[in-house]
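Dear colleague,

I am handing over the structure below, and after it I set out what was found. Please read the text with the coordinates open beside you.

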Amino acid sequence: MQVYNSVASYRAWRASLSADSTVGVVPTMGALHAGHLSLARAAATANTHVVVTIFLNPAQFAPTEDLASYPKTMDQDLAALEALNASLPPSASGQVTTVFAPTVAEMYPAGIPLVRNEQVGTFIEVVPLSAALEGGTRPHFFRGVATVCTKLFNITRPHNVYFGQKDVQQTVILKRLLRDLHFDITMTVVPTEREADGLAMSSRNVFLSGERRKAAPVLYKALRAAEDVYNGGEGRASVILEAARQVLEREGAGMMKLDYVSLNESELLREVDTVERGKGVILSAAMWVLPTVEGEGTVRLIDNLILE
Ligand SMILES: Nc1ncnc2c1ncn2[C@@H]1O[C@H](COP(=O)(O)OP(=O)(O)OP(=O)(O)O)[C@@H](O)[C@H]1O
Ligand SMILES: CC(C)(CO)[C@@H](O)C(=O)[O-]
Ligand code: BAL
């Protein structure tokens, strides 16, 4: 496995590949867990070269958010990818041959202040999708994601890219970006990997311990309760969503604060009042896990299910 830290060195390697090679790219911010590895495994089944990008992207963080404390575990990340390669079945098309882990200066030559009106240069926005759901609380977020992914796609030149269902809005927005900017790239969305108790794996889960970790699966439980109501024949969004809210109120009171729970169509992410069967609607939620003892920070978790 080769690690490239500069655009020029990555490009030299990319240019050396034969025309029949296929490149599958897995963009990450590092602190790899089994969710990331399932993306890399999916990429290895369909590509001769899997490129994992590891870049903690400042542009998607507000000045008030957790960029400084975001976990950084490069040595373990590389070891996890080597271990993944060793565990791939002989039927795999390829393996993780390359890690692209650029510096901030490589990716943002003009610098990247977190305050938006101090930023200089080219930024990509996918409207109006980036204002929905996560965009309500994180208005800067998808501009940062779309910008860095455009840069990463241009640098890495993938045939295929792999993203996780856990960040469902990100997949909808980036699919739109690929289409609108005429990138000749196919996206595969990989199902959410969960802990045994249902909690969606996330790099930020390391900030949860003790009673907060024990209580965190309530988010998934709330979504499952709403899904049960839908599966029972209910189509009204207000009733379906109320089932999720009730679980969070009953089991999360004091420790969890709901940001949103919402039902949205999957094209423009418009909220729906009634779920039309057969169309596929996104049921998603975000909540804050509040500190329970001094020194703990607030942790924001997201999760979603598709109501088929
Ligand atoms: N539990 C998971 N299952 C499947 N894919 C996942 C999971 N968690 C993250 N991913 C995917 O991995 C890619 C990189 O995500 P990222 O590095 O932000 O990790 P993360 O665990 O989502 O971290 P964060 O704490 O920032 O949410 C994204 O496409 C994301 O959707
Ligand atoms: C896609 C991504 C790597 C862009 O920084 C990030 O948003 C993530 O890890 O989901
Ligand atoms: N996967 C989401 C990245 C973020 O929260 O910034």
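**The sheets and their helices**

Helix α10 (residues 237-252) lies across β7 and β8, and its direction makes about 160 degrees with that of β7. Please keep in mind throughout that this is a predicted model.

The sheet to which these strands belong is an open one of three strands, in the order β7-β8-β9, and its pairing is antiparallel. Because β7 (256-265) and β9 (299-307) stand at the edges and have a single partner strand each, one side of each is left without a neighbour in the sheet. From one strand to the next, the twist averages 15 degrees. Between β7 and strand β8 (residues 281-289) there are nine bridges in the antiparallel sense, and Asn 264 has Ile 282 as its bridge partner in β8.

There is also an open sheet of six strands, with parallel pairing, in which the order is β1-β4-β3-β2-β5-β6. Here β1 and β6 (186-190) are the edge strands, each with a single partner strand, so one side of each is left without a neighbour in the sheet. The twist in this sheet averages 25 degrees from one strand to the next. Helix α3 (residues 74-87) packs on the sheet, where it touches β1, β3 and β4, and its direction makes about 160 degrees with that of β4. Helix α7, for its part, lies across β5 and β6 and runs at about 170 degrees to β6.

Strand β4 (residues 95-100) deserves a separate look, since six of its six residues are buried, a label that rests on 20 or more other C-beta atoms lying within 10 Å of a residue's own. Strand β1 (residues 2-4) runs parallel to β4 and is joined to it by three bridges, with Thr 98 of β4 as the bridge partner of Gln 2. Strand β3 (residues 49-54) also pairs with β4 in the parallel sense, over five bridges, and there the bridge partner of Val 50 is Val 96. Elsewhere in the sheet, β2 and β5 run parallel and are joined by two bridges, Gly 24 being partnered in β5 by Asn 160.

**The two domains**

The domain assignment divides the protein chain into domain 1 (2-190) and domain 2 (203-307), and their C-alpha centres lie 26 Å apart. In the contact between them, 16 residues of domain 1 meet 16 residues of domain 2. On the side of domain 1 that touches domain 2, α5 (134-137) and α7 (168-180) each supply at least two residues, and the residues of that side divide by class into nine nonpolar, five polar and two charged.

**The two ligands**

Around ligand 1 there are 18 residues, of which Gly 35, Gly 164, Met 201, Ser 203 and Arg 204 come nearest. Two elements, α2 (34-46) and β5 (160-164), give two or more residues to this shell, and the largest share, four residues, comes from α2. By class, the shell around ligand 1 holds six nonpolar, eight polar and four charged residues.

The shell around ligand 2 consists of Pro 27, Thr 28, Met 29, Asn 57, Gln 60, Val 145, Val 148, Cys 149, Asp 167 and Gln 170. The elements that give two or more residues to it are β2 (23-28) and α6 (141-156), with α6 giving the most, three residues. This shell has five nonpolar, four polar and one charged residues.

One residue around ligand 2 that can be followed further is Val 148, which is found in helix α6. Val 148 counts as buried because it has 23 C-beta neighbours inside 10 Å. Neighbours within four places in sequence left aside, Val 148 is in contact with Phe 55, Asn 57, Ala 59, Gln 60 and Met 107; among these, Asn 57 and Gln 60 also belong to the shell around ligand 2. Val 148 and Ser 91, by contrast, lie 33 Å apart from C-alpha to C-alpha, with their positions 57 residues apart in sequence.

With kind regards

Notes
Residues are numbered from 1 along each chain as its sequence is written. Chains are lettered from A and ligands numbered from 1 in the order in which they are written. This is a predicted model: local features need pLDDT of at least 70, side-chain atom pairs count only at pLDDT 80 or more; totals for chains, interfaces and linings use all residues. A residue is near a molecule or strand if its C-beta atom, placed from the backbone, lies within 6 Å of it. Ala, Val, Leu, Ile, Met, Phe, Trp, Tyr, Cys and Pro count as nonpolar, Asp, Glu, Lys and Arg as charged, and the others, Gly among them, as polar. Domain bounds come from an automatic or database domain assignment. Two residues are in contact if their C-beta atoms, placed from the backbone, lie within 7 Å. Two strands pair if DSSP finds at least two bridges between them. Axes are lines fitted to C-alpha atoms, for helices over the stretch in contact, and angles run from 0 to 180 degrees between N-to-C directions. A residue is buried if 20 or more other C-beta atoms lie within 10 Å of its own, exposed if 12 or fewer, and partly exposed in between; C-beta atoms are placed from the backbone.
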